Amino acid sequence: MRLVILGGSGSGKSTQAQRLCRYFDIPLISTGEILQEAISGDQLLPEFQWSQADPRISLSVYASLSELGYHAQPYVKKGKLVPDEMIIELIRIRLRQPDIKCDWVLEGYPRNAFQAQKLDFLLDNLGQKLDWAIYLQVSEAVMVSRSLGRSLPDDQPEIVQRRVELFCDRTIPILEYYDRRRCLLTINGDQSPEIVQQNILTLLSAP
């Protein structure tokens, strides 16, 4: 089961990604978390720890992540988006780790149709194929209210509103992309996390 979780700020995509990983007992690939660790450079995520089976893997990954974090840090400090090439490289590194077999949930990427295409190219090169892109559909009002309720430093009303508007502008092309590939599942994300999860599992189990 290889899944991508799509949704705007406050749509609950992180919550559902974590729930699905626990339910299926598969790894979560969060580009945001891995990028933060790469930038901090003080420790590796558990999945990047030293491999007794092949220590060369861990050494190579550590160097790659450190280099990635070094080059990505200026973008993050300025509040800019990290270039697609860096994020794709981060995902490539993660997908080649020993704990990644055939199943995973990706959260935080892609955010537009171009990135979705880049991800498919990467998966093709790795001999993998995306099963489903799950889109958590919520209204703009809900995205704004949920984001403001988190009380994060960058969740100021005007910033949140702009973030939601940008997401909505990019939504239709990426949904059309996955719909053409017949791997799009659209879920009503306005409901409770438990109901949203159950609706996802129902669609995933449908013939």
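Two strands count as paired if DSSP finds at least two bridges between them. The views below all show a predicted model.

**View 1. The open sheet and its strand order.** The sheet has 5 strands in the order β2-β3-β1-β4-β5, and their pairing is parallel. β2 and β5 each have a single partner strand, so they stand at the edges and one side of each lacks a neighbour in the sheet. Direction ignored, neighbouring strands are turned against each other by 20 degrees on average.

**View 2. Pairing of β1 with β3, and the helices lying on the sheet.** Strand β1 (residues 2-6) runs parallel to β3, and 4 bridges join the two. In this pair L3 stands opposite V105 of β3. Helix α2 (residues 31-40) lies across β2 and β3 and runs at about 60 degrees to β2. α7 also packs on the sheet, where β1, β4 and β5 are touched; the direction of α7 makes about 145 degrees with that of β4.

**View 3. The edge strand β5 and its partner β4.** Strand β4 (residues 132-137) pairs with β5 in the parallel sense, over 5 bridges. L136 is the residue that stands opposite I187 in β5. Side chains alternate along β5: L185 and I187 point to one face and are buried, whereas L184, T186 and N188 point to the other face and are not buried.

**View 4. Crossing of α1 and α8.** The axes of α1 and helix α8 (residues 193-205) come within 10 Å and cross at roughly 55 degrees. Angles of 65 to 115 degrees would count as roughly perpendicular and those under 35 degrees as roughly parallel; α1 and α8 are therefore oblique to each other. The crossing of α1 past α8 is right-handed. On the α1 side, the residues in contact are T15, Q16, R19, L20, Y23 and F24, and they meet P193, E194, V196, Q197, I200, L201 and L204 of α8. By class, this contact has 8 nonpolar, 3 polar and 2 charged residues.

**View 5. C102 and the start of the chain.** C102 is in the loop between α4 (84-95) and β3. With 46% relative accessibility, C102 counts as partly exposed. M1 and C102 are 101 residues apart along the chain, yet their C-alpha atoms are separated by 7.0 Å. Neighbours within four places in sequence left aside, C102 is in contact with M1 and R2.

**View 6. Two residues with positive phi.** Most residues other than glycine have a negative phi. D25 is not a glycine but has a positive phi of about 55 degrees. The residue lies in the loop between α1 (13-24) and β2 (28-30). The relative accessibility of D25 is 71%, so D25 counts as exposed. R182, also not a glycine, has a positive phi of about 55 degrees. R182 is found in the loop between α7 (157-180) and β5 (184-188). Relative accessibility is 74% for R182, and this residue therefore counts as exposed.

**View 7. A cis peptide bond before P110.** Most peptide bonds are trans. The bond that joins Y109 and P110 is cis, with omega about 5 degrees. P110 is placed in the loop between β3 (104-107) and α5 (113-125).

Notes:
Residues are numbered from 1 along each chain as its sequence is written. This is a predicted model: local features need pLDDT of at least 70, side-chain atom pairs count only at pLDDT 80 or more; totals for chains, interfaces and linings use all residues. Side-chain values use heavy atoms; hydrogens and water are left out. Buried means under 20% relative accessible area, exposed over 50%, partly exposed in between (1.4 Å probe, protein chains only). Axes are lines fitted to C-alpha atoms, for helices over the stretch in contact, and angles run from 0 to 180 degrees between N-to-C directions. Angles under 35 degrees count as roughly parallel, over 145 as roughly antiparallel, 65 to 115 as roughly perpendicular and the rest as oblique. A crossing is left-handed if the near helix is turned anticlockwise from the far one by less than a right angle, and right-handed if clockwise. Contact means heavy atoms within 4.5 Å. Ala, Val, Leu, Ile, Met, Phe, Trp, Tyr, Cys and Pro count as nonpolar, Asp, Glu, Lys and Arg as charged, and the others, Gly among them, as polar.
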